[in-house]
Amino acid sequence: MDWWKDTLIYQIYPRSFQDSNGDGVGDIPGIISRLDHLQELGVGAIWLSPVYKSPNADNGYDISDYREINPEYGTMEDMDRLIGEARARGIRIIMDLVINHTSTDHYWFRQSRDKNSAYADYYYWARGGADGSLPNNWTGFFGEDCWEFDPQRCEYYLHLFAKTQADLNYHNPEVLEEVKDIMRFWLRKGVAGFRCDVINILWKDSLESSPKRLALTGSEHYLSLEGTHEILRELRQVLDEYDAMTVGETVFVTPRQARDLCAPERNELNMVFSFEHMECDQYFLKWFKRKFRPKAFFDCLTKWQRELDWNAVYLENHDQPRSIPRFGSERYWKESGKLLAVLALTLRGTPFIYQGQEIGMLDFDFTRMRQLNDVESKNVEKILRRFHIPQKLRWKIIRRASRDNARTPFQWTDGPNGGFTDGRPWLGVNHNCERINLAQQEADPDSIWSWYKALSALRRETEVLRRGTFEPLEAGKQVFAYRRASGEDACTVVLNFSDQPAEAAHRGAVMMDNYGRETFDGRMQPWEAVILRQGN
């Protein structure tokens, strides 16, 4: 019961993890070949980004068949073997459940284009205006209009994301039953739960136009509505049959809305991925970056720690730039990488680590747009060009915020393509793989990889770090300190988010220190992180 509270969860982006056959695309056999790496890290569950059949307009988040594996990644036999091989190492598999939309290549959508089909209202269809206008003025998440005309049906369909990702219509109860069947299919295979993609926007209460906004016009008609809560309670009944967990990606949620989604008594989700702490370095939209201010970051983390009893804790994923350039320091790459590891693994909640985070991978080193693959980045670049933004500024905006920053292939060695593939990689490998790679760090007891292993082991062995309460102690311009307590046991975590030294008032016996100190006098080095024991 609640196994996920004691588990370190590791996200794999399959295309970029390990290629086994030389086609330049990561695959399921490649993942199987690296399970020992995850076991050594102390991973208890893998969140697997989509491996379903897909035309890959959005790298698998446009699903054309939920019960088939994308041939690029392997076969269903490979998937069954992954589940079994992971289980043998004490590792569970969590699938990515993308149920706000499907690919327009999905059988449901192809049938839905016929108004007389049983699937006719599986999606949101609407007529445009007599003057040729769209059904409403909503705008989507990828920076474009969210209606596309279908010449066969002679109507428009709604897509809040790419035009090949048509939104499912949950006003039709058959859609929910289809989703339940999909979940049972995978749960019977032995998966342990689901990460639920953009899960708080399933229910659309109407298709009315809305007051114009800078972004996401119309979002009041689908963000965190009661209809979505009802859907999640229905899905929970299926999950409870298998003791399965769910973590929901939730956009634009407040702590109160997050509690409504994951409070145990509501029986909806177990945890959510919130985004507020990821927005501390931006003005409203992620494309408009501002200087990172540690105190705003600390205050946000503290607010969410206080207001939710338990939640997902993360600093990186496939949609976010890497954490060291954002929240740490490339000058103090090793020290800040270790500090961020302490933050991720000592806050109260379930820690999620993204592939490459455990070796301190950095953002891409691309120099031009044609090197990118990300559909969102390409759409935003077109919009910026439409507004006559100069090319250098366009590239600066895309360079800092593109999702491809986190999608460059894993750097296993300092060899060709970082040991990811023998072929041509689907996305460029960062040239810094010559100095940032797993093979070199495995041989270095002072590496970021070695630090993650030791920290993961400490968390497993220390009840107070897994289940203890959270109490904020200090949130200044550069020092963040908090206390974790359970009964008479307690520890204090002190973090210096700065290239400059700092003074801290906290004392105790050193459990771990990223400078290797055995005693702590309160004088902190740049990017120093220390865990101090209090009590018994």
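Begin by selecting D58, K286, D319, D374, E376, R403 and R407, which are linked in a network of salt bridges. The model on display is a predicted one. A search of the whole structure finds 50 salt bridges, and several isolated pairs appear later in the tour.

**The largest pocket**

Keep E376 selected and add F141, G143, L285 and W287; these five lie nearest the centre of the largest pocket. The lining as a whole comprises 44 residues, and the space inside amounts to about 1200 Å³. Two elements, β15 and α11 (375-386), give two or more residues to this lining. The largest share comes from α11, with 5 residues. Colouring the lining by class gives 21 nonpolar, 8 polar and 15 charged residues. E376 thus belongs both to the salt-bridge network and to the group of residues nearest the pocket centre.

**A nonpolar surface patch**

Next, select L214, Y283, F284 and F288. Together they form a nonpolar patch on the surface, with about 470 Å² of accessible area. Centre the view on F284, which is found in the loop between β14 (282-283) and β15 (285-289). Is F284 buried or exposed? With a relative accessible area of 52%, F284 is exposed.

**The second largest pocket**

Move to D2, W4, C262, P264 and N270, the residues closest to the centre of the second largest pocket. About 460 Å³ of space lies here, and 20 residues line it. Display the helices α6 (226-240) and α7 (255-262) as well, since each supplies at least two residues of this lining. By class, the lining has 9 nonpolar, 2 polar and 9 charged residues.

**Two salt bridges to select next**

Select E226 and R233. The two form a salt bridge in which the closest N and O atoms are 2.7 Å apart. E226 is partly exposed, with a relative accessible area of 43%, and R233 is also partly exposed, at 28%.

Then select E268 and R266, whose side chains meet in a salt bridge of 3.1 Å, N to O. Here the partners fall into separate classes: E268 is buried, with a relative accessible area of 2%, whereas R266 counts as partly exposed at 25%.

**A salt bridge across the sequence**

The pair K338 and D446 follows, joined by a salt bridge with its closest N and O atoms 2.9 Å apart. K338 lies in helix α10 (residues 333-346) and D446 in the loop between α13 (438-442) and α14 (448-461), so the pair ties together parts that are 108 residues apart in sequence. Which of these two side chains is buried and which is partly exposed? K338 counts as buried at 2% relative accessibility, while D446 is partly exposed, with a relative accessible area of 41%.

**The largest cavity**

How many cavities of 30 Å³ or more are there? The count comes to 4. For the largest cavity, select L301, W304, Q305, A312 and V313, which lie nearest its centre. This cavity holds about 220 Å³ of space and is lined by 17 residues. Both α8 (294-307) and β16 (312-314) supply at least two of the lining residues, and α8 provides the largest share, 4 residues. The lining has 10 nonpolar, 4 polar and 3 charged residues.

**A buried residue in α5**

Select I182, which lies in helix α5 (residues 173-189). I182 is buried, with a relative accessible area of 1%. Add L97 and draw the C-alpha to C-alpha distance: I182 and L97 are 9.3 Å apart in space and 85 residues apart in sequence.

**Two residues with positive phi**

The tour ends with two backbone positions. F252 is found in the loop between β12 (245-249) and α7. Although F252 is not a glycine, its phi is positive, at about 55 degrees. F252 is partly exposed, with a relative accessible area of 40%.

Finally, select H388, found in the loop between α11 and α12 (391-401). Phi of H388 is near 60 degrees, a positive value in a residue other than glycine. H388 is exposed, with a relative accessible area of 69%.

Technical notes. Residues numbered from 1 in each chain as written. Predicted model: local features only at pLDDT ≥ 70, side-chain atom pairs only at ≥ 80, totals over all residues. Heavy atoms only, no water. Patch = residues over 30% accessible without salt bridge, like charges linked within 9 Å, V, L, I, M, F, W, Y side chains within 5 Å. Areas by Shrake-Rupley, 256 points an atom, 1.4 Å probe, with all protein chains shown as cover. Salt bridge = Lys/Arg side-chain N within 4 Å of Asp/Glu carboxyl O. Buried < 20%, exposed > 50% of the residue type's maximum accessible area, 1.4 Å probe, protein only. 1 Å grid on protein atoms, 1.4 Å probe; cavity = no way out; pocket = protein on both sides within 12 Å on 5 of 7 lines; lining within 4 Å. Points joined across faces, edges and corners; volume = space filled by probe spheres on them. Nonpolar A, V, L, I, M, F, W, Y, C, P; charged D, E, K, R; others polar.
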